[in-house]
Amino acid sequence: MNLDAMRKFCATLPGATVDIKWGADECHCVGGRMFAVFGPKEKGSRSVSFKCDPERFLELTDVPGIVPAPYLARAHWVQVQDAKALTDAQGRELFARAHALILAKLTRRARDAILAAAPGRH
């Protein structure tokens, strides 16, 4: 999985914003809530964490190079420590799902506003 391509993909999801938290981590959010966190580029970090479905958590953490995300595992977040653990297609699917999981937890008003403002929607 190409992490730079995944950063760009996350930025294209409806209502996605990017924020720097904890000094250097690149957090991709929707409605002010994180759905993916990329390690700092400057330090050569090649890891990314993201939210996943509870049913997929154990499946994903059984893959070599993917571990429960520090501090966030209880909320079903995983950390990809080896980018080769996933293909780009798998990464896009998982990041889109992480975005959808967080979007679904927003208020209906916030969710509707984000979806209405998405390009290609009328």
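User: In this predicted model, which residue of β6 does K51 stand opposite?

Analyst: K51 has its counterpart in β6. The strands β4 and β6 pair in the antiparallel sense over 4 bridges, and β4 covers residues 48–51. The residue of β6 opposite K51 is W77.

User: Which residue of β6 does V67 stand opposite?

Analyst: β5 and β6 run antiparallel and are joined by 3 bridges. β5 spans 66–68. Opposite V67, in β6, stands Q79.

User: Which residues point the other way from β6 than W77 and Q79?

Analyst: In a regular strand, side chains alternate between the two faces of the sheet. In β6, W77 and Q79 point one way, and all four residues named for this strand, on either side, are buried. Those that point the other way are V78 and V80.

User: Which residues of helix α2 are buried, and over what arc around the axis do they lie?

Analyst: Helix α2 is made of residues 54–61, and its buried residues are F57, L60 and T61. They lie on the same side of α2, because the arc they cover around the axis is only 85 degrees.

User: Which exposed residues does α2 carry on the face turned away from its buried side?

Analyst: The buried side of α2 holds F57, L60 and T61. These buried residues pack against β4 (48–51), β5 (66–68), β6 (77–80) and α3 (88–105). The face turned away from them carries the exposed residues E55 and L58.

User: At what angle do α1 and α3 pack, and how far apart are their axes?

Analyst: Two packed helices are described by the angle between their axes and the distance between the axes. Helix α1 covers residues 3–12, and α1 passes α3 in a right-handed crossing. From α1, the contact is made by M6, F9 and C10; from α3, by D88, G91, R92, F95 and A96. The angle is about 35 degrees and the axes are 10 Å apart.

User: Is W22 buried or exposed?

Analyst: W22 is placed in the loop between β1 (16–21) and β2 (25–30). Its phi is near 55 degrees, a positive value in a residue other than glycine. The relative accessibility of W22 is 60%, and a residue over 50% counts as exposed. W22 is therefore exposed.

User: Which residues is W22 in contact with, leaving aside its neighbours within four places in sequence?

Analyst: R92 is 70 residues from W22 along the chain, and the C-alpha atoms of the two are separated by 25 Å. With neighbours within four places in sequence left aside, the contacts of W22 are C27, M34 and V37.

User: Why are C27 and C29 not bonded, and how far is the sulfur of C29 from that of C27?

Analyst: A search of the whole structure finds 0 disulfides. C27 is in no disulfide, and its nearest cysteine sulfur is that of C29. Both residues are buried, C27 with a relative accessible area of 0% and C29 at 4% relative accessibility. A disulfide needs sulfur atoms within 2.5 Å, so the two are too far apart for a bond, at 5.7 Å.

User: What is the phi of Y71?

Analyst: Y71 has its place in the loop between β5 and β6. The residue is exposed, with a relative accessible area of 76%. Y71 is not a glycine, although its phi is positive, at about 70 degrees.

Conventions
Residues are numbered from 1 along each chain as its sequence is written. This is a predicted model: local features need pLDDT of at least 70, side-chain atom pairs count only at pLDDT 80 or more; totals for chains, interfaces and linings use all residues. Side-chain values use heavy atoms; hydrogens and water are left out. Buried means under 20% relative accessible area, exposed over 50%, partly exposed in between (1.4 Å probe, protein chains only). Helices (H or I, at least four residues) and strands (E, at least two) are DSSP runs, numbered from the N terminus. The arc is that of the directions from the helix axis to the C-beta atoms. Contact means heavy atoms within 4.5 Å. Two strands pair if DSSP finds at least two bridges between them. Axes are lines fitted to C-alpha atoms, for helices over the stretch in contact, and angles run from 0 to 180 degrees between N-to-C directions. A crossing is left-handed if the near helix is turned anticlockwise from the far one by less than a right angle, and right-handed if clockwise.
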